[in-house]
Amino acid sequence: MVGIDEAQFFDLDLTNVCERLALHGTRVIVAGLDMDYLGKPFGPMPYLLSVAEYITKLHAICVKCGQLATHSYRRPATDSHAQIELGSTDRYEARCRVCYTEHA
Ligand SMILES: [Zn+2]
């Protein structure tokens with residue numbers, strides 16, 4: 001078995017690697033965020049989701065209303081529009097679709 005975490009940070013080649021491993025009998029378990037802070041597909045995740053045999057979507061709890069959170073809201077603090085800001089986990093909040101949209 002091979003486990004890969006934070007798959008959203010890998011490049012698109014990860015999909016080929018996972019498929020080759022699976023073809024040779026290796027059980028591959030991949031975890032990662034499906035969307036970035038803009039609500040857009042994140043890295044190789046849409047490709048991995050399309051070739052996976054099984055998908056389990058886990059959700060956090062929205063920090064605003066307590067419903068299931070599907071989005072990562074990034075609080076504005078700088079002028080940065082980079083997709084990835086490492087080491088700034090305190091700037092991200094789990095939010096449901098409604099709370100994400102109201103405050104985005
Ligand atoms: Zn909410």
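## Two domains and two nonpolar cores

The chain contains 3 helices and 6 strands. In this predicted model, the order of elements from the N terminus is β-α-β-α-β-β-β-β-α. Along the principal axes, the C-alpha atoms occupy a box of roughly 45 × 30 × 20 Å.

The domain assignment splits the chain into domain 1, residues 1–58, and domain 2, residues 59–104. Their C-alpha centres are 22 Å apart. Where the two meet, 8 residues of domain 1 are in contact with 8 residues of domain 2. On the domain 1 side, the touching residues comprise 5 nonpolar, 1 polar and 2 charged.

Of the contacts in the chain with a separation of 6 or more, 66% join residues 24 or more positions apart. Buried residues account for 19% of the 104 residues.

In soluble globular proteins, nonpolar side chains tend to be buried together. The nonpolar cores of this chain are listed below.

| Core | Number of residues | Residues |
|---|---|---|
| Largest nonpolar core | 7 residues | Tyr37, Cys62, Ala69, Tyr73, Cys96, Cys99 and Tyr100 |
| Another core, apart from the largest | 6 residues | among them Leu14, Cys18, Val30 and Leu48 |

Cys99 belongs to the largest nonpolar core, as does Cys62. With neighbours within four places in sequence left aside, Cys99 is in contact with Cys62, Lys64 and Cys65. Tyr37, another member of the largest core, falls within the bounds of domain 1 (1–58), whereas Cys62, Ala69, Tyr73, Cys96, Cys99 and Tyr100 fall within domain 2 (59–104). The named residues of the other core, Leu14, Cys18, Val30 and Leu48, lie in domain 1.

Definitions and conventions. Residues numbered from 1 in each chain as written. Predicted model: local features only at pLDDT ≥ 70, side-chain atom pairs only at ≥ 80, totals over all residues. Domains from an automatic or database assignment. Contact = placed C-beta atoms within 7 Å. Nonpolar A, V, L, I, M, F, W, Y, C, P; charged D, E, K, R; others polar. Core = buried A, V, L, I, M, F, W, Y, C linked by C-beta atoms within 7 Å. Buried ≥ 20, exposed ≤ 12 C-beta atoms within 10 Å, placed from the backbone. Helix = DSSP H or I, 4+ residues; strand = E, 2+ residues; numbered from the N terminus.
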